[in-house]
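Trainee: Hey, I've got a chain open and I don't know where to start. Can you walk me through it?

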Amino acid sequence: MARKLTSLVAALIVSVAGHGATAQQIGVVASLDPNMRATAPGQNAARDLGLGAGVVQDDEVATTATARGQLLFDDQTTLSVAPSSLIVLDRFVYDPAGGSGTMGIKLAQGALRFVGGATSEAQEA
């Protein structure tokens, strides 16, 4: 019995260690026309973003020449992404209890529109 329990515990440890930590969601896709894609940190393949799909810190979000979309972050910041754009969600730290945080976005290509939420209210532009 003890040997079976030891084997089970060892299998669980290997299983958990093999999965690694998942990145915390910082926002969602609020609208899109017709699609957007994102590449997660450390990944080579992009994933299609559907309505309501989550985005995480360090995601690279891209639109094609005929696509556009809008992201809604946890602090109610909205980011509208124009066609032919590439952005990187560099930093997002938000404390909902205190209503404060920081945000950093890199525009690598294209255009965007930023409407600040709680994290931008206490920061200078």
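Trainee: How much area does the chain expose, and what do carbon and sulfur atoms supply?
Mentor: The chain exposes about 7,900 Å², and 55% of that comes from carbon and sulfur atoms. Accessible areas are from the Shrake-Rupley method with a 1.4 Å probe, and for residues only the protein chains shown count as cover.

Trainee: Anything I should know about the model itself?
Mentor: This is a predicted model: local features need pLDDT of at least 70, side-chain atom pairs count only at pLDDT 80 or more, and totals for chains, interfaces and linings use all residues. Residues are numbered from 1 along each chain as its sequence is written, and side-chain values use heavy atoms, leaving out hydrogens and water.

Trainee: Ok. What share of the chain do buried residues make up?
Mentor: Of the 125 residues, 26% are buried. Buried means under 20% relative accessible area, exposed means over 50%, and partly exposed is in between (1.4 Å probe, protein chains only).

Trainee: And how many helices and strands are there?
Mentor: There are 2 helices and 10 strands. These are DSSP runs numbered from the N terminus: helices are H or I with at least four residues, strands are E with at least two. Going from the N terminus, the order is α-β-β-β-β-β-β-β-β-β-β-α.

Trainee: Which residues touch the most other members in the largest nonpolar core?
Mentor: That core has 16 residues, and the ones touching the most other members are Leu49, Val61, Leu71, Phe73, Leu79, Ile87 and Leu89. Two or more residues each come from β1 (25-33), β2 (36-39), β6 (68-73), β7 (78-81) and β8 (86-95). Strand β8 gives the most, with 3 residues. A nonpolar core here is a set of buried Ala, Val, Leu, Ile, Met, Phe, Trp, Tyr and Cys residues joined through side-chain atoms within 4.5 Å.

Trainee: Let's zoom in on Leu71. What does it touch?
Mentor: Not counting residues up to four places away in sequence, Leu71 touches Val28, Val29, Ala30, Met36, Val55, Val61, Thr77, Thr78, Leu79, Ile87 and Leu89. Contact means heavy atoms within 4.5 Å.

Trainee: Ile87 again! Where does Lys106 sit relative to Ile87?
Mentor: They are 19 residues apart in sequence, and 5.5 Å apart in space, C-alpha to C-alpha. Lys106 lies in strand β9 and is partly exposed, at 47% relative accessible area. Leaving aside neighbours within four places in sequence, Lys106 is in contact with Leu86, Ile87, Val88 and Asp90.

Trainee: New topic: any nonpolar stuff on the outside?
Mentor: Leu107, Leu112 and Phe114 make a nonpolar surface patch of about 240 Å². Leu107 is in β9 (residues 100-109), and its relative accessible area is 40%, so it counts as partly exposed.

Trainee: What about the backbone, then? Which residues does a cis peptide bond join?
Mentor: It joins Asp33 and Pro34, with omega about -15°. Pro34 is in the loop between β1 and β2.

Trainee: And what's phi like at Asp58?
Mentor: Phi of Asp58 is near 75°, a positive value in a residue other than glycine. Asp58 sits in the loop between β4 (54-56) and β5 (60-62). Gln76 isn't a glycine either, and has a positive phi of about 80°. You'll find Gln76 in the loop between β6 and β7.

Trainee: Is Gln76 buried or exposed?
Mentor: Gln76 is exposed, because its relative accessible area is 53%. Asp58, at 35%, counts as partly exposed.

Note on methods:
Patches are made of residues with over 30% relative accessible area and no salt bridge: like charges are joined within 9 Å, nonpolar side chains (Val, Leu, Ile, Met, Phe, Trp, Tyr) within 5 Å. A salt bridge is a side-chain nitrogen of Lys or Arg within 4 Å of a carboxyl oxygen of Asp or Glu.
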